[in-house]
Amino acid sequence: MTTPQTIVHDHEGFGDAVLQVKNLSIDFHLRQHILHAVRDVTFDLHRGKTLALVGESGSGKSVTARSLLKIVDRAARMTSGTIVLDTDGKPVDIHALADEGKEIRAIRGGRVSLIFQEPMSSLSPVHTIGDQIIEALRLHRNMKQAEARAERSACCRRWKYRTRKR
Ligand SMILES: Nc1ncnc2c1ncn2[C@@H]1O[C@H](COP(=O)(O)OP(=O)(O)OP(=O)(O)O)[C@@H](O)[C@H]1O
Ligand SMILES: [Mg+2]
């Protein structure tokens with residue numbers, strides 16, 4: 001990704017959008033050529049709403065999603081656009097954050113989570129979904145193990161998932 005730009009302080013026009021993506025373009029600089037993976041994508045995600053990005057295979061849905069968390073491949077360059085996320089009522093320019101800084105790490109798995117495609121390669125047989133929920137609660141909500149376990153169980157009951165007793 002290119003050099004970070006500015007943090008957005010201007011609240012005006014943010015409305016109830018929790019995420020605003022404007023004119024996002026991402027290229028991959030490959031050995032022989034430049035691949036235009038995402039071209040001029042614009043959308044707003046509003047509080048309490050579900051938004052689906054729909055497009056043919058290779059149209060850039062996953063690269064768009066990964067760019068929200070700054071986990072795109074090193075060969076990727078964001079050539080245009082802005083990604084602005086409402087974080088505790090404050091708009092944050094995601095592209096301006098350091099790739100591995102504490103700000104983006106606080107957002108990853110806390111404010112924004114990604115469930116990766118291909119469950120066979122993305123999910124780990126040794127880390128249960130419950131363990132991953134507990135890890136997120138401990139990291140992002142500073143819960144102790146017992147409290148996180150209780151919250152995990154409450155979540156799973158709400159979603160009607162059964163958890164393994166341990
Ligand atoms: N790490 C990478 N290096 C080079 N090119 C990539 C990389 N990741 C994705 N691409 C290319 O970027 C384009 C967009 O890929 P992306 O994975 O976002 O598509 P998608 O819309 O999620 O497709 P699908 O519906 O198959 O999941 C494709 O041409 C893909 O080959
Ligand atoms: Mg995809």
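This text walks through a predicted model of a protein with a bound ligand, from its overall layout to single residues.

Start with the layout. The protein has 5 helices and 4 strands. Read from the N terminus, the order of elements is β-β-α-β-β-α-α-α-α. The protein has 166 residues, and 16% of them count as buried. Now look at contacts between residues with a separation of 6 or more. Of these contacts, 59% link residues that are 24 or more positions apart.

Next, find the sheet. Its 4 strands lie in the order E2-E1-E3-E4. The sheet is open, and the pairing is antiparallel. Which strands sit at the edges? They are E2 and E4, and each of them pairs on one side only. Neighbouring strands in this sheet are turned by 10° against each other on average, with direction ignored.

Take the pairing of E1 and E2. Strand E1 covers residues 17–29, and strand E2 covers 34–46. The two run antiparallel and share 9 bridges. A hairpin of 4 residues joins E1 to E2. You can trace single partners across this pair. Leu19 has Leu45 in E2 as its bridge partner. Val21 is matched with Phe43 in E2.

Now move to E3 and E4. Strand E3 spans residues 76–87, and strand E4 spans residues 90–93. They pair in the antiparallel sense over 4 bridges. One partnership sets Val84 against Asp93 in E4. The hairpin of E3 and E4 has 2 residues between the strands. There, Asp88 takes a positive phi near 50°.

Helix H1 comes next. This helix runs over residues 61–68. Which residues of H1 are buried? Thr64, Ser67 and Leu68 are. Seen down the axis of H1, these buried residues fall within an arc of 110°, so they line one face of the helix. A general rule helps here. An α-helix has 3.6 residues a turn, so residues three or four places apart point the same way. What covers the buried residues of H1? The cover includes strands E1, E2 and E3. After H1 comes Lys70, which has a positive phi near 55°.

H1 also leads to the ligand. How many residues surround ligand 1? There are 14. The closest are Ala37, Ser57, Lys61, Ser62 and Asp73. Two elements, E2 and H1, each supply at least two residues of this shell. H1 gives the most, with 3 residues. What kinds of residue make up the shell? It divides into 5 nonpolar, 7 polar and 2 charged residues.

Finish with a loop further along the chain. Helix H2 covers 102–107, helix H3 covers 119–122, and Ser113 is found in the loop between them. Is Ser113 buried or exposed? Ser113 has 12 C-beta neighbours inside 10 Å, so it counts as exposed. The cut-off matters here: a residue is exposed if it has 12 or fewer such neighbours. Now compare Ser113 with Ala136. They are 23 residues apart along the chain, and their C-alpha atoms are separated by 9.9 Å.

Note on methods: Residues numbered from 1 in each chain as written. Chains lettered and ligands numbered in written order. Predicted model: local features only at pLDDT ≥ 70, side-chain atom pairs only at ≥ 80, totals over all residues. Near = placed C-beta within 6 Å. Nonpolar A, V, L, I, M, F, W, Y, C, P; charged D, E, K, R; others polar. Pairing = 2+ DSSP bridges. Buried ≥ 20, exposed ≤ 12 C-beta atoms within 10 Å, placed from the backbone. Contact = placed C-beta atoms within 7 Å. Axes fitted to C-alpha atoms, helices over the stretch in contact; angles between N-to-C directions. Arc of directions from axis to C-beta.
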